[in-house]
Each structure stands twice: as C-alpha cells, then as structure tokens.
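The exercises below ask the reader to work from a sequence and a set of atomic positions towards a reasoned account of packing, surface and charge pairing. Each task is followed by a solution in steps.

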Amino acid sequence: MDLECASQETVKQGLLARGWPPIKGFSKHVKTKVLEFFSLLIKLGQDDPRRVVHSLKAGLALTLVSLFYYYQPLYKSFGVSAMWAVITVVVVFEFSVGATLGKGVNRGLATLLAGGLAVGAHQLANLSGRIGEPIVLGIFVFLQAAVSTFVRFCPQIKARYDYGLLIFILTFSLISISGFRDDEVLELVHKRLLTVLIGGSTCVIISVLVFPVWAGQDLHNLIASNMEKLGIFLEGFGDEYFKMPEDGESKEDRPFLQGYKSVLDSKTNEDALANFARWEPRHGRFQFRHPWKQYLKIGALTRKCAYRIESLNGHLYADIQAKREIRRKIQETCTTMSMESGKALKELSMAIKTMVKPFAADIHIENSKSSVKNLDTLLKSGLWDDETDLLEVVPVATVASLLIDVVTCTAEIAESVNELATMLKFEVVEPTVSPEKPETGQPKIGIS
C-alpha cells in the first residue's frame, strides 16, 4: 500500500514537473505583452499629449449626456430615447474640431431631413389603407435606400457627406418601419431629433471650448514640416554622396537622410485634414473660407519632389558607385544644386509657418538654377575622354539629372507658396541679411 501511494506521488510530481515550465513560460509571455502594451500607450501619449486630452474630453462628453438617464426629471422627458444622445456622442466626437463639427452637422441635418420625409411617407401610406400601408412604406424605404446608396458613390459627396447619407438611410428606415406599429410618429421623430441635437451640441461645445484641436492648424504645420524634411535631406545629400567609403565614415543610420520618407505617404492625411478644416469656423490666422485647396496643391508638389529624393537616396547606397575622379568633375556643381534647393525649401517652410513672404527662397532658387546652367556648360565642354567607361559615368549622370528635376520641383513649390502668400496676404518682411548670390562664370572642374 505504501509502495502504491509512493508510486502515485511520484507520478504526480513528474506530471507537475513537466507541466510547470510551459505554464511559467506562458505567464512570462503574457506579462511581457502586457508591459509592451502599456509602453506603447505611454509612447502614444508622449508623442502627442493632445491624445490624452482628447480621451478626457470624450469621457466628459459621455458623462454629461448620461445625466439624461441618471437624472429622473430628464429621464421622464425623454425616456429610453435619451440613449440616442449617448450614441451620438460615441459616434460624433472626433479628435479635431473640424471632424467633430462635420459629423455633428451631418448627423443633425440628416436626422431632421429623414425624420420629416419619414413622417410624410407615413401620412401617405395611411391613405392607402391598412393593407396597402406596408406596401407603400416598403416602396418608400426601397427608393430612398437605393437612391441614397447610389449618391454615396459620388466622390464629392462621399468626401464630405457620406456619414450624413448613412444616418439619413438609418433614420428614415427606423422611423418609417417603427411608425407602422406606433401611431405616435411625430413624438418619435421629435424625441430622436432633440436627443441627437443635444448629443451633437455637447460634442461640438466641448471640442471647441476645451483645448481645441484645429485640423486646419495641423494641415498648415504638416505642409511646412514636409518641406523642411526635404530641405534637410538636400542640404546633406551633396556631402554624403560625394564622400567616398575610404573617407572613414559610414552613410548608414543617418536620421536626417530618412526624414523625407514620411512625406511619401502623406496624401491621405493631408486630404483628411483639408476636408475637416473646411468645416471649422474662423480661428486664429485661419479664415472661414481659407484656401485649403492651395495647401493640397503644395502638398502634391512636395510629394513629387520627395519621389525624386527617394531615387537620390537609392544612389547613396547603390552597389555600383562611380570612381572618385568621375565624381569630382561635377561635385561642386551638384553639391551647390542640392544645397541651394535644400535652403530654398527650408525658407519656404519657414515662410508658411510664420506667414511671411519668402524673399530669401527666391535667391536660393536662382542660385540652384545658375548651377544647372553651369552643369550644362560643363557637360557640353566634354568632361570625359573617349577612354572613359560609360557604365561608370551613368550613375553620376543619373544623380545630376535627378538634382535638375529637384531644382525644377523646388521652383514649382516656391511658385505655389507665393500664390498662397498672395491669397492670404502674408506679411512682408525684408531679409536683414541677403543670401549669397551665385558667382558668375564657369565653375572649376575637379582635378582627376
């Protein structure tokens, strides 16, 4: 008996010994994931503290509209319809004022219009008798749903009023169908419209008055920041490209050479911010009918320049590099083009940030254009003899061609920024120190 008990105890200990390590490993894995999740939340808050404020604002809005349930006199007035105010806050409250206002207006107008049409449809359906009423209501529901859904495919409508059409379909269908079983259709519409207006108004008031986040300001800063990132890359590109590996420094892990990458995928964000900004009232330096389309035009030209820069960045790390002697022949001219274009973009970025006309940028662009002419003169003069391998020349010629494209793109960006400055009447401030103008004459050719 003792032997049997000892044997069973040994088996239990063996099973426990085999089962404990996986359990311990799983527990450690869960702990690691939880810590990573909280680290991510902390980073999100540190990257943009406005996210934390927005979360608190959303909680405040929900708490306020919840009083319609908690406070008995208010609950008696609205009953279970008060839940629509809570639902409205959940779906309408957004990060920026423009997004919140846009959704609130869409939801309010759609509810009002759909409610009115649903009452009219219900009255018409009543004229057809008890048997014909559901048939007529079904036809009305079908027609409005089909037409509204088709209209949603229109790009202009989808950009600004897609949410409103969804609410229109939902409200019309709910009131029409509910009205078939409930004779108090007007009371149903009244309560729904009033609770939606209360919820939407709560969202808009809190969004505007409590640490507001303006989509227009974000778009303004984003456009300026994107140009600055391109300028930083171009200012450093010349020195990095013409620096040979034996110079002793690696080109890897240079942060200023990677900042431009975020510009390549900025279109979706810019379009969304511009759409939200159109809903916003006048605030700060931004008027009600601010030329947001001009910002989108500048953003598109900036991305066009960023694509050229992406190609230039590829040549920094290319496996096949031209010899030092070949590079030196156009090093000075290409470096000037890159440097001056970068300075021009940074000046344009600063001009947008401060809303001051970019006089200095025009001089940098003229410098870069002069370098393009000098490069053309160099190429026509015959830099390479007949014995030079063309395959060794191609990488350098490609970089020079891309830099010429960058100069052209920079000039187009400057033209668009000047158009924006004219529209908004940027402040005129003469530069205290004039940028250096290009030297006349042909640049020196590096000694091979």
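**Exercise 1. Identify the largest nonpolar core, its best-connected residues and the elements that build it.**

Solution. Take a nonpolar core as a set of buried Ala, Val, Leu, Ile, Met, Phe, Trp, Tyr and Cys residues joined through side-chain atoms within 4.5 Å, where buried means under 20% relative accessible area, exposed over 50% and partly exposed in between, with a 1.4 Å probe and protein chains only. On that basis the largest core holds 54 residues, and Phe233 and Leu312 have the most contacts inside it. Next, assign these residues to elements: two or more come from each of α9 (215–241), α10 (261–264), α11 (267–277), α12 (292–316), α13 (324–354), α14 (359–381) and α15 (390–424). The largest share, 13 residues, is given by α15. Finally, a second core, separate from this one, has 21 residues, including Ala85, Tyr163, Ile167 and Ile206.

The model is a predicted one, in which local features need pLDDT of at least 70 and side-chain atom pairs count only at pLDDT 80 or more, whereas totals for chains, interfaces and linings use all residues. Residues are numbered from 1 along each chain as its sequence is written, and side-chain values use heavy atoms, with hydrogens and water left out.

**Exercise 2. Describe the protein chain as a whole: which elements does it contain, and how much of it is buried?**

Solution. Helices (H or I, at least four residues) and strands (E, at least two) are read as DSSP runs numbered from the N terminus, and the protein chain then shows 15 helices and zero strands. Of its 448 residues, 41% are buried. Counting contacts (heavy atoms within 4.5 Å) with a separation of 6 or more, 83% are between residues 24 or more positions apart. The accessible surface, from the Shrake-Rupley method with a 1.4 Å probe, comes to about 25200 Å², and carbon and sulfur atoms account for 63% of that surface.

**Exercise 3. Examine the setting of Thr410 in helix α15 and decide whether this residue is buried or exposed.**

Solution. Thr410 is placed in helix α15, and its relative accessible area is 2%, so Thr410 counts as buried. Once neighbours within four places in sequence are set aside, the residues in contact with Thr410 are Ser341, Ala344, Leu345, Leu348 and Ile365.

**Exercise 4. Locate the nonpolar patch on the surface and state which helix gives the most to it.**

Solution. A nonpolar patch joins Val, Leu, Ile, Met, Phe, Trp and Tyr side chains within 5 Å, using residues with over 30% relative accessible area and no salt bridge. Here the patch consists of Leu60, Leu64, Leu67, Tyr69, Tyr70, Tyr71, Val80, Met83 and Ile87, which together have about 870 Å² of accessible area. At least two of these residues come from each of α2 (50–70) and α4 (83–92), and α2 gives the most, with five. Leu64, in helix α2, is partly exposed because its relative accessibility is 40%.

**Exercise 5. Work through the salt bridge between Glu235 and Lys346, then find the network that contains Asp48.**

Solution. The criterion is a side-chain nitrogen of Lys or Arg within 4 Å of a carboxyl oxygen of Asp or Glu, and the structure holds 14 such salt bridges. In the bridge between Glu235 and Lys346 the closest N and O atoms are 3.2 Å apart. This pair links distant parts of the chain, with Glu235 in helix α9 and Lys346 in helix α13, 111 residues apart. Glu235 is partly exposed at 22% relative accessible area, and Lys346 is partly exposed at 30%. Turning to the network, salt bridges with shared partners join Asp48, Arg50 and Asp218. Within it, the side chains of Asp48 and Arg50 meet at 3.1 Å, N to O; Asp48 is buried at 15% relative accessibility, whereas Arg50 is partly exposed at 31%.

**Exercise 6. Where in the chain are Phe211 and Lys425, and what is the phi of each?**

Solution. Most residues other than glycine have a negative phi. Phe211, in the loop between α8 (185–209) and α9, has a positive phi of about 45° and is exposed, with a relative accessible area of 63%. Lys425, in the segment after α15, has a positive phi of about 55° and is exposed at 72%.

How values were computed
Patches are made of residues with over 30% relative accessible area and no salt bridge: like charges are joined within 9 Å, nonpolar side chains (Val, Leu, Ile, Met, Phe, Trp, Tyr) within 5 Å.
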